Structures are given as C-alpha cells and as structure tokens.
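Trainee: I'm new to this structure and would like a close look at one part of it. Could you pick a good spot and walk me through what surrounds it?

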Amino acid sequence: MNLVIFIFIVLLGFTSYYFGRKKAYSIQATNTRLTALPQFYGYYLAIWCAIPAFIIYSLWAIFEPSIVKLIILSDYSNQGYLDDELNLIYEKTKSLSRGQFSGEITTYLETSAEKYLNLRSIAQNSKVVLILAIIIASIVYGYKRISSNNRTREPVEKFLNTVLFTASLAAILTTIGIVFSLIFQTIDFFKVIPLFDFIFGTHWYPAKAFVRDASEPLDPSMYSDTFGAVPIFAGTFFIALIAMCVAIPIGLMSGIYLAEYASTKVRQYAKPLIEILAGIPTVVYGFFAALTVGPFLKDIGTAMGLEVSAESALAAGGVMGIMIIPFISSLSDDVITSVPQSLRDGSYAMGATKSETIKKVIFPAALPGIVGSILLGVSRAVGETMIVVMASGLAANLTFNPLESTSTITAQIVVILIGDQAFGDPKTQAAFALGMTLFLVTLSLNIFALRVVKKYREKYE
Amino acid sequence: MNKNKEKLLNSRYRAEKRFQFYGKSAIFLALLFLTIFIFKIFSTGYTAFQKTWLIVPVTFDAETMYLDENPSKEDLEDADYFDLALQTMFNLDKSASEKQQNDLKRMVSYFFEREIKRELLNDPSLIGKTKDVYLTASDDLDQVFKGNYPRDLPEDQRRVTDYQLKIFDQLVEQGRVESKFNLSFFTYPDSREAELAGIASSFMGSIFSILVCLVIAFPVAVLAAIYLEEFAPKNRLTDFIEVNINNLAAVPSIVFGLLGLGILLAVFQLPRSTPLVGGITLSLMTLPTIIIACRASLKAVPPSIREAALAMGASKMQTTMHHTVPLSMPGTLSGTIIGLAQALGETAPLILIGMVAFVNTIPGSPLDPAASLPVQIYIWAESAERGFVEKVSACIMVLLGFLIIMNLFAQIIRHKFEKKWS
C-alpha cells in the first residue's frame, strides 16, 4: 500500500511536469514573453505537486507507529504495568492482529488487536485522503501561479540548491550516526564497569558475562575482572606492529624504486599489479592466512623445535602486512614524485649517487608525507577485522610471543556480536565500548596523518 | 691516496647497487606474494567445479513405492521414494550387515531420494523397469575421488570407512563413478552438507545488497559532490563537511557495522540479516569513496567550459547540470564501480548486522534473510569439514572474478568515455 502511494506521487509528479510545460507553451503561443524556459514551469509544478505530499507521507510514516502504540497502550495505562511489560503487550497485540500469534489469547488482547486493526485502517484511509487533498491543493495553487509575469527559474534552482546541500549533509549525518550508535551503549557500559577497570584490567573474559535475566537488578560485582581490556589493546598493538614490520620495508622500498628507478614500462605494469593486493577482500586474506600461512609457520616451527600455535599472531600480522604494502607503496610513491626536481639536481651536481640522493636528500624531504602514509597504514591495521578473526585466536591472551595466538579489538567485537545480541547486557555494551575505542584511535590517527600529509603538500606547492 | 679514493668510490657504487637490489626485491616480494596467493586459491579451488556422481541402477518397483497400478501425476509426486532409495543403495552389496547398510546409505547425499524421484517424474514409464541414475556422492567420497583425501590414515581418524572405500573402488572399476561439471554449486543455496552447498543464496544476497547500496549511495554522493565542488561557499560548515568525508573514508568498516546494528536495527527496527540493512550500511561506507571520485572528476572539467556556458547566458545551475556534470560522468561512474567493488568484498559489517545466519533458501527480495559472497566464504572457512575447503576457494574465485570484471569495467569507462583536455 505504501509503495502504491509512493509510485502514485512520483507518477503524478511526472504528469504535472508535462502540464506545467504545456501551460507555459500555451502562454508562449499568445506571443507573451516568459521569464524562464518552458521546462522550468514544468519543474515548478512537479515540485509543487510532489514535495508537500512527500513531506506529509514521511512525517506520517515516522509518527504513525508511535501514535498507534500510544492509543493502544492507553487502555492499560492505569493498571500498574512496567514499561517492558507494556512493550510486550504491544508486540503481542501486533502479532495477534497479523494472525501469527501463538500463545494464550486473552480477551484483553483480542480487543486490543481489534482496536489495532481498526486504528490501522483508519490511519491508512485518512493518510490516503490527506495526501490526495494536499496534492490537489498544491497542484491547483502551483498551476494558478504559472503566468508570464511569475518567475519560476529562481525558485526551482533554489530548491535544487537546497537538495544538493541536504545531500552534502549526509557525511555529517553518518558521523553523528556513528557517534550516537556507540555513545549510549558505551555510557551504559561504564555505568556498570568502572573506566579504570576497563583500561587497566588485565583479564578479558566476556563469555563469563552470560545473558542475565532482565528482571533481576544488575550486580556489578559479577563482572569484576571480566572486562579488563589490556590484553586486547596489547594484542591489537602487537599484531599491527608485526604487520608494519612486513609492510614498511617492502612498501617503502617498492615505492622508492617505482618513483626513482623504474622505467615507465616497469612502472606501468608493476604499480597496478601491486595495487591488486589492496583490492583483494580481507576475508580472502583471512582464509589464506588460516589455511596456508598458519599451518606453514607451524610446520617450520615444529621442524625447528619451536611450539607454534596454528593460529599465531605472526600469521595474522604477516598476512595483514602484505595487505598494507600497496597503501604504503602508492602513497610514498606519490609523495616522492612530488619532491621538486631541483632538489635532486642539486644533489647530483654535488656528485652524489642516486641512492645517496634518495637517502640523504629526497627521503628527509619526503619524510612527513611518508610518516603520514605509514600512519594511515597503521590505522588500517588497527581496524582490520577478518584476517584476525579467521587467522589469530579469539581468546585474549596477554602475550608478546608472536608464535602464540592473541586477539584484537576488532576480533572481540565480532566474537561478542556474532549471533543474537541482547541490548542492555554488559557483554553487548562491551563491544560498543571497544568500538568507541577503535573509532577514537583510528580517528585521531587519521586526522593526524591527513594533517601531516597536507602540511607536506603545501610546502612544495 | 688515489687508491683510497677509488676504494671509496667503489664502495659507494656497491651501495648504489645494493640499494637498487633492495628496491627490486621489494617489488619482487610483493608480486611473489600475489602470485603465491592466486596460485594457492586456484589450485585448491578448481576441483570444486567438478562433482562426483555414483551411477547406480535403480529398479522402479511400484510395490516399494506403495503405488497402485496406473498412478496419476499426483500419485507419483506423493509416492514414498525413501524405501526405494534405501533399497537401491543396499542392493550395491546384498550381503551387507546392518552397520554396513548404514555405511552404504551414507555414500550418497541425502538428496538421493529427490534425485531418484526427479528421474521418475521425468519419465513415468520407468515403473517396473531398471535404469542407471546419477546420485550425488557424499562429500568425503567426492574428496577421495579427487585425490584430496588421505586414504592411508588409520580408519578411526577418517570419516570414510574401509567398507565404503571397498564398495567405492568396486564402483570405480565398473565405471560407475563419474565426475561432471558442478552446476549445483551455482544453483543450490547454502547447506550443511558440503556436496549440496552452493552459492546461489549468498550470490543473490550480494546482488541485492549492492543494488541497495548503489540506489542509495550514488545519488546522494553525486549530489553532495556537486554541491561541494560547484556551489558550496567557503565557510566553516563546508570545511567541516570535508573533514568528515575524509575521515569517514578511513573509518574501519566494522564501525559501520556497529552503526548498522545500533541505529538501523535497534532504533529503526529494520529486519535483521537482510540485504536491505546490509546495503544501507555498505552505502554509508561507499559514500565518501564516490564523493571523492566525483569531486575529482568535476575538478578535472576545465573552467573554460563553465565560462563558455555562463557567457551564453546559462545560469550557474544550468551550467552545472547541462555541461559540467555530464562531462564528469565517466570519472564518477568508474569511481562508483570501484566503490561498489569495495563494498562487494566487505565482510565484517555484514556479520554484525546478522547476515551470517544460515540461509538455505534463495532470497527473492532485499527483505529476505541472506548471506553475501564474502560472508559465505567466512562461514565455509569456519566449517571443519574437508569438503568445504575447495568450496571456499571456488567461492573466492567467483568473488575475485566479479571484482576483476567490475574493475575492468571501470577502466574501460574511464578510458573510453573520458574526454582528454589538453
């Protein structure tokens, strides 16, 4: 039904474009000069037709459910129910009215369900009537306003400008959405678990915080020594460190080689080939690390008499490093190419070899940009999820032995939130608190890195 | 003195050579990783495109199926094929003990009943006759036939029993085992049994998510890019929007998953596990990518075009919509495709919004629960059964194939349609 109304409004919009333009043409035919091109009159009428209707339509969609709920639950208001129970009653009413309810049907519920169906049909009908009335009124108004001495281009363009501006707000809205989705759960989490325990506790064992009975009050002592995040912070840092040990030398050297030594032909082929590494989905890397690299390292370790876990931090970090190579090589390539030629020429003129020029002149000049690219790589490594989930362990060990398994922030979020979640449970909230930490860490890394790169660019532009 | 100088020079040249060597080996290493990677995926995955069938003679005995004489089409639909199917398998070795009979039954997939039924429905005149029917072999025998299964393990460490192997070898000798192209890998939904698992459900899930993502992200991103590049005044708000876009492009994908979970599922009460929610989450992720690509290609349109249009009396909006935006479209489109390719490979946010649920039906709309190709890879990779390893690699091959096609497409659009200004 909603879709029908939607399509109806859209179709009406198109037709009114046609009629608006037609009226403009007929005015033109009387040799009167129009103030805008005829199609602007069409757009003008189409906007008048569709936009008020859409606004009503979406307001209705937002407010109808809660108003219906309010009316239904007003019957139960003075019977001393708790909020949770009222919600349950409402859900039961809804499923009963859909005929999908399996449970004890009380007379109360039955009357509510009937009332619900009644309300819904009233709402539906009045919505259709209201929207139709609005459309007719606004079309009539818009159509009347189409005349030779009325401007239409300006309002239409102003409207388009508003649409464009609204679209650009999407980025801000997304950021706000991220912050909002994280912050409430995080605050609730820290109401139960002290911030100090979270940051400095050394024991992470969320499975202990089983889903509790919602009617019982929370007992914070139950969760002591359960949500100490030090092991996973350390694990995150450690795996990122291993990744950077692989990515920085290889990425940086290939960036330098591509920028300074490689012939155009080598560059033409090698650069896109290396960038393929960045385009491979991370879950594929995860599978590769778990199936090939992990067992391979284990075999080597056993041959050397070392005990290597099949899910070692080394496997996950190493494969993650391979994934990050192209980020560092491409960015440092760009940075090095934008170092002015005059610096190189100066160095060559003093008799320096190419590698000496690179090491002593170009590298220091490009250093801020390279640091920026490395920081962006670190932020990638910290936020990487699937490789760790699949290739390193899920148990949070506090260890700095690369041959043992460790866990990261991202992996713990997945472990906690995979399957069904109960909002309002400290375990679920812990995932959001971790997400908040991750967001803040990567955000500050990114802001810092982008600022460094930007400053560097300005220096040579 | 001179000798010292020469020595120094030589060592400097050697350092130069060394440095070059480091650079070359770095590139070589990166490319080596890529090669090993692709080789490994292909070498474990290509066998999944073949499927092993047992060709078993089935006697369509009306009595075993409890059928009357001259059964109608409905009778055939409703008939009991299970006893017939069981009998068929037991006939492979008439002297089998009860335990061995159980082994015989487990040599084929649990679809064997359905496969026999399909045969009879296709040709009802088979009643009372015997015909060779293709039955899907169990995933373990499939692996044995492909040579991936260590037969020399002691029996208690294998899922295939010695007895099954004996019967299987007899069948192989009689030419009753055949390997054919595995069409069901593409047409079946996910299954707990490796031999019956296919990518149809997750493939449709991916398609729906990407479509939702495209429908939302493309218009919003293009409009936003037009505003920021052509109309936005230089003020604090605009700066703030730009900072936001740049940061969003680098926010870890799992945070978007938390956004989907905390806002789309918890607040807006959208249905869990559906491509609709997955698509919206992915669209928020791809938004910055498309905005950045679109802005870059708007920037590449030379100002002379705008000035010419303005000089002809076009308004700023007309100039933008009639000239600048159409000229920037090739760059925008290729940026969009690359953004969608990224979204197609994304796993973590989809796991958080519940698209890991086991789905054994093919979704028909974005509102049906579904998995997606990368999530399917994850689900299968976590499964312990040997038969799933090649499936994972094959699924990766399909996914990589799509990514390559999308990227090629983006390249073609860029090179073919983009106007070169010089």
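**A close look around B:I377**

Mentor: Let's start with B:I377 and, keeping in mind that this is a predicted model, see what it touches. If you skip the neighbours within four places in sequence, B:I377 is in contact with A:V283, A:V284 and A:F287 from chain A, and with B:V392, B:C395, B:I396 and B:L399 from chain B.

Now zoom out a little. B:I377 is among the residues with the most contacts inside the largest nonpolar core, along with A:A289, A:V319, B:A221 and B:A224. That core has 186 residues, and its largest share, 18 residues, comes from α9(B). In soluble globular proteins, nonpolar side chains tend to be buried together. Apart from this core lies another one, of 28 residues, including B:A79, B:F112, B:A137 and B:L141.

Next, the contact between the two chains. Chain B puts in 63 residues and chain A puts in 68 residues. On the side of chain B that touches chain A, the elements giving two or more residues include α9 (200-231), α16 (373-382) and α17 (387-417) of chain B. The largest share of that side, though, is the 17 residues from α1(B). Sort the residues on this side by type and you get 49 nonpolar, ten polar and four charged.

For something else in chain B, hop over to its sheet. Three strands make an open sheet in the order β2-β1-β3, with antiparallel pairing. The edges are β2 (130-136) and β3 (177-181) of chain B, each of which pairs on one side only. On average, neighbouring strands here are turned by 40° against each other, direction ignored. Strand β1 (residues 50-59) of chain B pairs with β2(B) over seven bridges, and B:V56 stands opposite B:V133 in β2(B). Lying across β1 and β2 of chain B is helix α5 (residues 112-122), which runs at about 140° to β2(B).

Finally, a peek at chain A. Its domain assignment gives domain 1 (2-151) and domain 2 (230-460), and the C-alpha centres of these two domains lie 51 Å apart. Look as well at A:I199, which lies in helix α7 (residues 195-200) of chain A. With 12 other C-beta atoms within 10 Å, A:I199 counts as exposed. From A:I199 to A:P402 there are 203 residues in sequence and 23 Å in space, C-alpha to C-alpha.

Conventions
Residues are numbered from 1 along each chain as its sequence is written. Chains are lettered from A and ligands numbered from 1 in the order in which they are written. This is a predicted model: local features need pLDDT of at least 70, side-chain atom pairs count only at pLDDT 80 or more; totals for chains, interfaces and linings use all residues. Domain bounds come from an automatic or database domain assignment. Two residues are in contact if their C-beta atoms, placed from the backbone, lie within 7 Å. Helices (H or I, at least four residues) and strands (E, at least two) are DSSP runs, numbered from the N terminus. Ala, Val, Leu, Ile, Met, Phe, Trp, Tyr, Cys and Pro count as nonpolar, Asp, Glu, Lys and Arg as charged, and the others, Gly among them, as polar. A nonpolar core is a set of buried Ala, Val, Leu, Ile, Met, Phe, Trp, Tyr and Cys residues joined through C-beta atoms within 7 Å. A residue is buried if 20 or more other C-beta atoms lie within 10 Å of its own, exposed if 12 or fewer, and partly exposed in between; C-beta atoms are placed from the backbone. Two strands pair if DSSP finds at least two bridges between them. Axes are lines fitted to C-alpha atoms, for helices over the stretch in contact, and angles run from 0 to 180 degrees between N-to-C directions.
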